[in-house]
Amino acid sequence: AGGRRLRAMHKLAEEGKWSASQPVECKLYDDTRAAEVSLAENSGREAMHPADEMEAFRKLVEEGLTVAQVAGRFGLSVLTIERRLRLARLAPRFLPMYRADEIEADQMRALALAEDHTAQEAVWDGLPAYDRDAWTIRRMLTEQSCAGDSRLARFVGIEAFEARGGAVRRDLFAEDDDAKSVYLDDSVLL
């Protein structure tokens with residue numbers, strides 16, 4: 001970190017406005033702390049690309065920090081960190097596509113309904129380019145599931161379904177925390 005500051009000091013020294021022998025404070029950090037310092041420094045200045053931020057948060061969690069610790073260190077909510085981690089854990093091809101503007105954030109949020117990379121890629125590759133909107137992706141990923149606000153799901157109850165071992169997916173990106181953002185995946189058990 002500090003490349004711009006170093007270049008500025010070199011320029012000032014060349015112009016005679018800075019003594020080349022003047023001491024400059026440098027702080028050395030181990031790799032784990034260095035990634036955190038770099039993320040904090042970059043997020044406080046010029047906005048990072050969201051994909052870079054997602055990967056940095058994922059790296060911090062993989063290195064042992066809890067989601068709550070990451071949220072606290074960067075002044076964000078736990079839900080915000082969980083959402084960014086979910087996107088960082090999409091199939092590896094999607095973050096580079098996001099950087100290249102080949103996929104939009106809402107499409108990635110829809111793909112995040114499936115944790116399985118193969119399922120994500122199958123839906124993406126199975127749709128024609130003109131029909132890859134978030135609504136269609138979400139529909140494709142949940143067509144074998146029962147929506148939490150359906151009559152059957154309301155009759156059985158989501159809690160009762162989960163208590164019997166039923167698999168439930170929740171849309172982490174839904175605005176409302178209601179049954180519309182819940183999908184019950186085991187139709188036989190339901």
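**Close-up views of a predicted model**

**View A. R93 and D125 form a salt bridge.** R93 is partly exposed, with a relative accessible area of 29%. The model is predicted. The partner of R93 is D125, and their closest N and O atoms are 2.8 Å apart. D125 lies in helix α8, residues 117-126. R93 lies in the loop between α5 (78-88) and α6. The pair therefore ties together parts that are 32 residues apart in sequence. D125 is partly exposed too, with a relative accessible area of 47%. Partly exposed means between 20% and 50%, so the 47% of D125 falls in that class. The 29% of R93 does so as well.

**View B. K11 and E15 meet in a salt bridge.** The whole structure holds 11 salt bridges, and the K11 pair is one of them. The closest N and O atoms of K11 and E15 are 2.8 Å apart. How accessible is K11? Its relative accessibility is 49%, and K11 counts as partly exposed. The cut-off for exposed is over 50%, so K11 stays in the partly exposed class. E15 is partly exposed at 39%.

**View C. E162 and R170 join through their side chains.** The salt bridge spans 3.1 Å, N to O. E162 has a relative accessibility of 33% and counts as partly exposed. R170 is partly exposed at 41%. Elsewhere, salt bridges that share partners link K11, E15 and K17 into one network. K11 and E15 are the pair of View B.

**View D. Three strands build an open sheet.** Which order do the strands take? The order is β1-β3-β2, and the pairing is antiparallel. The edge strands are β1 (146-147) and β2 (168-170). Each edge strand pairs on one side only. β3 covers residues 182-184. It pairs with β1 in the antiparallel sense over 2 bridges. Within this part of the sheet, C146 stands opposite L184 in β3. R170 of View C falls within the residue range of β2.

**View E. Acidic residues gather in a surface patch.** The patch carries negative charge. Its residues are D101, E102, E104, D106 and D133. D101 sits in the loop between α6 (94-99) and α7 (105-111). Is D101 buried or exposed? D101 is exposed, with a relative accessible area of 69%. The cut-off for exposed is over 50%, so D101 belongs to that class.

**View F. The backbone of D101 has a positive phi.** The phi of D101 is about 60°, although D101 is not a glycine. Most residues other than glycine have a negative phi. D101 is placed in the α6 to α7 loop, and this same residue belongs to the patch of View E.

**View G. V61 is a buried residue of helix α3.** The helix spans residues 50-62. V61 has a relative accessible area of 19%. Buried means under 20%, so V61 falls in the buried class. V61 and L85 are 24 residues apart along the chain. Their C-alpha atoms are separated by 8.8 Å.

**View H. A35 belongs to helix α2.** This helix runs over residues 31-44. A35 counts as partly exposed, at 23% relative accessibility. The lower bound of that class is 20%, so A35 is not counted as buried. What separates A35 and K59 in sequence and in space? The two residues are 24 residues apart in sequence and 8.5 Å apart in space, C-alpha to C-alpha.

**View I. E159 is an exposed residue of helix α11.** Helix α11 comprises residues 158-163. E159 has a relative accessibility of 61% and counts as exposed. How far apart are E159 and T66 in space? The C-alpha to C-alpha distance is 27 Å. In sequence, E159 and T66 are 93 residues apart. E162 of View C falls within the residue range of α11.

Technical notes: Residues are numbered from 1 along each chain as its sequence is written. This is a predicted model: local features need pLDDT of at least 70, side-chain atom pairs count only at pLDDT 80 or more; totals for chains, interfaces and linings use all residues. Side-chain values use heavy atoms; hydrogens and water are left out. Two strands pair if DSSP finds at least two bridges between them. Helices (H or I, at least four residues) and strands (E, at least two) are DSSP runs, numbered from the N terminus. Patches are made of residues with over 30% relative accessible area and no salt bridge: like charges are joined within 9 Å, nonpolar side chains (Val, Leu, Ile, Met, Phe, Trp, Tyr) within 5 Å. Accessible areas come from the Shrake-Rupley method with a 1.4 Å probe; for residues, only the protein chains shown count as cover. A salt bridge is a side-chain nitrogen of Lys or Arg within 4 Å of a carboxyl oxygen of Asp or Glu. Lys and Arg count as positive and Asp and Glu as negative; His and the chain ends are not counted. The place of a charge is taken as NZ of Lys, CZ of Arg, CG of Asp or CD of Glu. Buried means under 20% relative accessible area, exposed over 50%, partly exposed in between (1.4 Å probe, protein chains only).
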